[in-house]
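Reader: I am new to this structure and would like to understand the words used to describe it. Could you take me through the reasoning behind them?

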Amino acid sequence: MRRTDYSRYGWLGGPLALDLANTLPMARPDTPLDLIGTEEQLGQWLARQAYRLPVPPPGLARFHGFRRLRDALYGAFVATVAGQPLPREIIGALNSVSNRTPAQPRLLALPDGLQVEYRGANPVDIALALVAASGVRLLGSGLGNLRRCGAPGCGLFFLGTARKKWCSDACGTRARAARHYGRNREPAVSDVG
């Protein structure tokens, strides 16, 4: 089983909703790569988010819940970037998950330090509700600064300015190199004809 090394993904740490939607980066144009295709990969993603999300125990409810929420957020962000209205089923899905539980954080003083405990429904519902609420807040803010990285092999969503075209400096460098290569490529013998 291939482990996803999230430590190399500098985009983690943005809004929870973007972090979850970005688990579908573009491997090739119009071909997303699923970074939470297995329960183990989802567990790795959740472990990287443990500083701001309760980590629910593994199981089908957790896996399918996060995949459905990720797909709804992804669809919402694709529509937003394209300037299209959000489909009603996506709005309904996000509201439904966001309203599952009023997750109330509580600070606990333990012998080994401070810890956040979430009170409310079961841990899966709490974690899903927190991520969905992040998406609801983002989408409700108008998202005039939501962008999609145009670098080859990326396609991540990010919050930026009108002048920023790429999610990171590395993607900018890769996009400029690809553009340069495309302009300066020698025609192959089969291209000349």
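Author: What follows is a set of questions and answers about a predicted model.

Reader: Why is Arg70 called buried?

Author: Arg70, whose place is in helix H3, has a relative accessible area of 1%, and because buried means under 20%, Arg70 counts as buried. Leaving aside its neighbours within four places in sequence, Arg70 is in contact with Leu20, Ala21, Thr23, Leu24, Asp34 and Ile36.

Reader: What makes Arg70 and Asp34 a salt bridge?

Author: The closest N and O atoms of Arg70 and Asp34 are 3.1 Å apart, and since a salt bridge asks for a side-chain nitrogen of Lys or Arg within 4 Å of a carboxyl oxygen of Asp or Glu, the pair is counted as one. Arg70 lies in helix H3 and Asp34 in the loop between E2 and H2, so the pair ties together parts that are 36 residues apart in sequence.

Reader: Which residue besides Arg70 forms a salt bridge with Asp34, and how do you know that the pair links distant parts of the chain?

Author: Asp34 forms a salt bridge with Arg67, where the closest N and O atoms are 2.6 Å apart. Asp34 sits in the loop between strand E2 (31-32) and H2, whereas Arg67 belongs to helix H3, and the two are 33 residues apart.

Reader: Why are Asp34 and Arg67 called partly exposed?

Author: The relative accessible area of Asp34 is 26% and that of Arg67 is 23%; partly exposed covers what is neither under 20% nor over 50%, and therefore both Asp34 and Arg67 are described in this way.

Reader: What makes Arg62 buried and Glu39 partly exposed, and how are Arg62 and Glu39 paired?

Author: Arg62 has a relative accessible area of 4%, and so is buried, while Glu39, at 23%, counts as partly exposed. Arg62 forms a salt bridge with Glu39, with the closest N and O atoms 2.1 Å apart. Arg62 lies in helix H3 and Glu39 in helix H2, so the pair ties together parts that are 23 residues apart in sequence.

Reader: Why are H3 and H5 called roughly parallel?

Author: H3 and helix H5 (residues 123-140) pack at an angle of about 5°, with their axes 10 Å apart; angles under 35 degrees count as roughly parallel, and the two helices are therefore given that description. By class, their contact has 13 nonpolar, three polar and one charged residues.

How values were computed. Residues numbered from 1 in each chain as written. Predicted model: local features only at pLDDT ≥ 70, side-chain atom pairs only at ≥ 80, totals over all residues. Heavy atoms only, no water. Helix = DSSP H or I, 4+ residues; strand = E, 2+ residues; numbered from the N terminus. Buried < 20%, exposed > 50% of the residue type's maximum accessible area, 1.4 Å probe, protein only. Contact = heavy atoms within 4.5 Å. Axes fitted to C-alpha atoms, helices over the stretch in contact; angles between N-to-C directions. Parallel < 35°, antiparallel > 145°, perpendicular 65-115°, else oblique. Nonpolar A, V, L, I, M, F, W, Y, C, P; charged D, E, K, R; others polar.
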